Amino acid sequence: MSAAPGRSQASSHRSPPGEGTPVSAAPGRSQASSHRSPQGEGTPVSAAPGRSQASSHRSPQGEVTPTSVIDFSSWRAAQQAHIEQALAVWVAADAPAGLGEAMRYAVLDGGKRLRPLLALAACEAVGGQQPAALRAGCALELIHAYSLVHDDMPCMDNDVLRRGKPTVHVQFGEAQALLVGDALQALAFELLVPEDGTVAPALAATLCRQLAQAAGAFGMAGGQAVDLASVGVALDQPALEAMHRLKTGALLQASVLMGASTGSLSASARQQLGVYGACLGLAFQVVDDVLDVTADSATLGKTAGKDAAADKPTFVALMGLDAAQAYADRVLEQAHEALRRSGLTHTNILHALADWVGRRAS
Ligand code: IPE
Ligand code: IPE
Ligand code: MG
Ligand code: MG
Ligand code: MG
């Protein structure tokens with residue numbers, strides 16, 4: 001690919017700090033490998049076997065925090081910092097007419113980065129190629145960020161607050177917000193086909209196909225179409241579930257499967273990871289429905305109470321708050337069960353991510 005006019009190098013071919021460096025400090029896929037937090041502490045990610053919590057730490061306040069929770073928190077913080085650095089390199093500021101600034105506004109400094117975290121955790125679970133998984137995770141995050149920019153526009157959910165900031169169309173205008181989405185979508189695919197050999201051609205083709213299917217008419221975009229067509233409609237549970245699986249679940253399931261594609265695994269392990277990703281994705285949107293009612297805007301970084309105000313069909317509207325949370329918990333238990341059936345042994349982080357989805361505050 002030749003450099004774009006006015007740019008010395010296509011952004012996606014710049015290497016973020018650490019590209020090519022395995023996340024785990026120890027060679028291979030040793031489960032007890034150490035991860036360095038941004039503060040430089042090396043904390044074993046998976047000291048406890050399986051999901052059991054072998055030991056605990058007492059805080060100065062006297063609360064007991066299980067060791068595995070601490071390990072997951074430091075893994076997550078280290079990966080989030082790594083993802084943030086990569087995105088800051090790959091989303092270039094110098095796109096014309098302020099587009100680069102608006103793209104960076106949409107992507108950087110906010111968001112839980114769940115999709116890249118899932119891709120990296122799935123990569124670890126199968127002993128995959130971390131540099132390819134980082135690109136896959138960031139590509140998923142760019143598609144997700146574009147979906148949020150468009151979701152917030154007046155023609156969709158008409159929201160003014162996202163990730164604690166004015167939404168992109170409020171800050172930069174509707175036309176620029178539209179173009180931010182367009183450009184982020186294109187950049188996502190560019191990330192998957194680098195010229196530097198970080199992603200082998202066959203793997204790049206697989207990742208592009210997986211991402212396109214999850215983002216497109218039979219994935220996120222299709223689900224968003226159902227969402228818009230369902231305002232004021234009392235969907236029954238199967239219909240609501242189908243909508244949630246598409247609009248949110250598809251990208252989350254793809255995060256797991258794209259991370260897994262960077263390594264090799266049996267057909268049955270892949271199938272179980274697919275079940276894990278689908279369950280986590282469905283539960284994620286059910287919890288999003290719950291948080292829309294139970295959390296405040298400051299905590300969410302987006303306007304609370306929007307679903308009822310806009311007459312959206314949600315799990316809370318269908319079955320009430322407590323039953324919706326209980327439903328999410330049951331679906332997440334199915335995610336854990338699928339991991340146990342996968343036969344994979346390095347799944348502690350994937351288990352912890354499913355727990356996080358169920359009990360997150362925002
Ligand atoms: C919000 O997604 C939109 C949904 C798909 C429910 P997240 O809750 O992952 O948003 P960020 O990325 O953390 O802001
Ligand atoms: C959005 O669902 C899902 C997307 C594909 C962006 P919501 O409309 O419920 O997401 P929030 O609550 O605005 O983040
Ligand atoms: Mg929406
Ligand atoms: Mg919305
Ligand atoms: Mg919502």
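**Notebook: two ligand shells and a helix pair**

I started with ligand 1, which is surrounded by Gly111, Lys112, Leu114, His144, Arg163, Thr248, Gln285 and Asp288 (near means a C-beta atom, placed from the backbone, within 6 Å). Note to self: this is a predicted model, where local features need pLDDT of at least 70 and side-chain atom pairs pLDDT 80 or more, while totals for chains, interfaces and linings use all residues. Residues are numbered from 1 along each chain as written, chains are lettered from A and ligands numbered from 1 in written order.

I sorted the ligand 1 shell by class and got one nonpolar, four polar and three charged residues (nonpolar is Ala, Val, Leu, Ile, Met, Phe, Trp, Tyr, Cys and Pro; charged is Asp, Glu, Lys and Arg; the others, Gly among them, are polar).

Next I checked ligand 2. Its surroundings are Ser147, Leu148, Asp151, Asp157, Met220, Gln224, Lys247, Thr248, Asp288 and Lys302. Helix 4 (130-151), helix 8 (220-229) and helix 9 (237-261) each give two or more of these (helices are DSSP runs of H or I, at least four residues, numbered from the N terminus). Helix 4 has the largest share, three residues. By class I find two nonpolar, three polar and five charged residues.

Then I looked at how helix 4 sits against helix 9. Their axes (lines fitted to C-alpha atoms over the stretch in contact; angles run 0 to 180 degrees between N-to-C directions) come within 9 Å and cross at roughly 170°. That makes the two helices roughly antiparallel (an angle over 145 degrees). Their contact has seven nonpolar, four polar and no charged residues.

Note on methods:
Parallel < 35°, antiparallel > 145°, perpendicular 65-115°, else oblique.
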